[in-house]
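Student: I have just opened this structure and would like to find my way around. Could we go through it together, one question at a time?

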Amino acid sequence: QVQLVESGGGLVQPGGSLRLSCAASGIIFSINAMGWYRQAPGKQRELVAGITRGGSTNYADSVKDRFTISRDNAKNTVYLQMNSLKPEDTAVYYCNAAGTTTWNMPFDSWGQGTQVTVSS
């Protein structure tokens with residue numbers, strides 16, 4: 001009913017940058033919170049950054065001052081600009097969105113994930 005499609009992952013050298021995008025589509029009335037999570041091999045999924053509809057943001061301590069989350073409400077899209085990437089940022093990155101459908105039902109949807117690999 002609500003689909004999230006991520007793009008922008010890939011292989012980058014340490015110190016490099018990547019920009020992830022996630023577009024939501026379907027029977028969306030409104031999206032409240034959007035966020036990016038990541039999961040490295042053998043580790044639990046963790047929150048990287050979140051953003052409310054009004055633009056308030058929060059970040060994991062490990063990415064503060066390096067990553068920036070933003071969103072375009074008109075396009076139902078969230079972005080993650082990742083700078084000064086480190087090998088420990090290597091993970092599958094997942095987009096999440098929570099809101100209300102046009103049927104006035106809540107939704108909490110995940111994207112399929114995009115691989116980010118930081119290596120020389």
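Student: In what order do the four strands of the open sheet stand?
Tutor: Keep in mind that this is a predicted model. The pairing in this open sheet is antiparallel, and the twist averages 15° from one strand to the next. Read across the sheet, the four strands come in the order 1-3-8-7.

Student: Which strands stand at the edges?
Tutor: Look for strands that have a single partner strand, so that one side of each is left without a neighbour in the sheet. The two that fit are strand 1 (2-7) and strand 7 (67-72).

Student: How many bridges hold strand 7 and strand 8 in their pairing?
Tutor: Strand 8 covers residues 77-82, and its pairing with strand 7 runs in the antiparallel sense. Two places to look are Arg71, which stands opposite Val78, and Thr68, whose bridge partner is Gln81. Over the whole pairing, the number of bridges is six.

Student: Which residue in the turn between strand 7 and strand 8 has a positive phi?
Tutor: These two strands form a hairpin, with four residues between them. One residue in that turn has a phi of about 50°, and this residue is Asn76.

Student: Which side chains of strand 7 point to the buried face?
Tutor: Side chains alternate along this strand, so follow them one by one, since buried means under 20% relative accessible area. Thr68, Ser70 and Asp72 point to one face and are not buried. Pointing to the other face, and buried, are Phe67, Ile69 and Arg71.

Student: Which two residues does the disulfide join?
Tutor: A search of the whole structure finds one disulfide. Its sulfur atoms are 2.1 Å apart, and it joins Cys22 to Cys95.

Student: How many residues apart in sequence are the parts that this disulfide ties together?
Tutor: Cys22 is in strand 3 (residues 18-26), while Cys95 is in strand 9 (residues 91-101). The bond therefore ties together parts of the chain whose separation in sequence is 73 residues.

Student: Is the link of Cys22 and Cys95 left-handed or right-handed?
Tutor: Both cysteines are buried, so you will need to look inside to find them, as buried means under 20% relative accessible area. The angle about the S-S bond is -80°, and the link is left-handed.

Student: How many salt bridges does a search of the whole structure find?
Tutor: Let us look at some of them. Asp61 and Lys64 meet through their side chains at 3.1 Å, N to O, and Arg38 pairs with Glu46, with the closest N and O atoms 2.7 Å apart. Searching the whole structure gives a total of four.

Student: Is Asp61 buried or exposed?
Tutor: Its salt-bridge partner Lys64 is partly exposed, at 42% relative accessible area. Asp61 has 64% relative accessibility, and the cut-off for exposed is over 50%. Asp61 therefore counts as exposed.

Student: What is the relative accessible area of Arg38?
Tutor: Glu46, the salt-bridge partner of Arg38, is partly exposed at 35%. Arg38 is buried, and its relative accessible area is 6%.

Student: Which parts of the chain does the salt bridge of Arg66 and Asp89 tie together?
Tutor: The closest N and O atoms of this pair are 2.8 Å apart. Arg66 and Asp89 are 23 residues apart in sequence, so the pair ties together the loop between strand 6 (57-59) and strand 7 and the loop between strand 8 and strand 9.

Student: Which residues are linked in a network of salt bridges?
Tutor: Two of them are buried: Arg66 at 10% relative accessibility and Asp89 at 1%. The full network links Arg38, Glu46, Arg66 and Asp89.

Student: Over which rings does the charged end of Arg45 sit?
Tutor: One ring centre is 3.8 Å away from this charged end, and that ring belongs to Tyr94. For the other, the distance to the centre is 4.7 Å, and the residue is Trp110.

Student: What distance separates the C-alpha atoms of Pro14 and Asn73?
Tutor: Pro14 is in the loop between strand 2 (10-12) and strand 3, and it counts as partly exposed at 41% relative accessibility. Along the chain, Pro14 and Asn73 are 59 residues apart. In space, their C-alpha atoms are separated by 32 Å.

Definitions and conventions: Residues numbered from 1 in each chain as written. Predicted model: local features only at pLDDT ≥ 70, side-chain atom pairs only at ≥ 80, totals over all residues. Heavy atoms only, no water. Lys NZ or Arg CZ within 6 Å of the ring centre and 35° of its normal. Disulfide = S-S within 2.5 Å. Buried < 20%, exposed > 50% of the residue type's maximum accessible area, 1.4 Å probe, protein only. Pairing = 2+ DSSP bridges. Axes fitted to C-alpha atoms, helices over the stretch in contact; angles between N-to-C directions.
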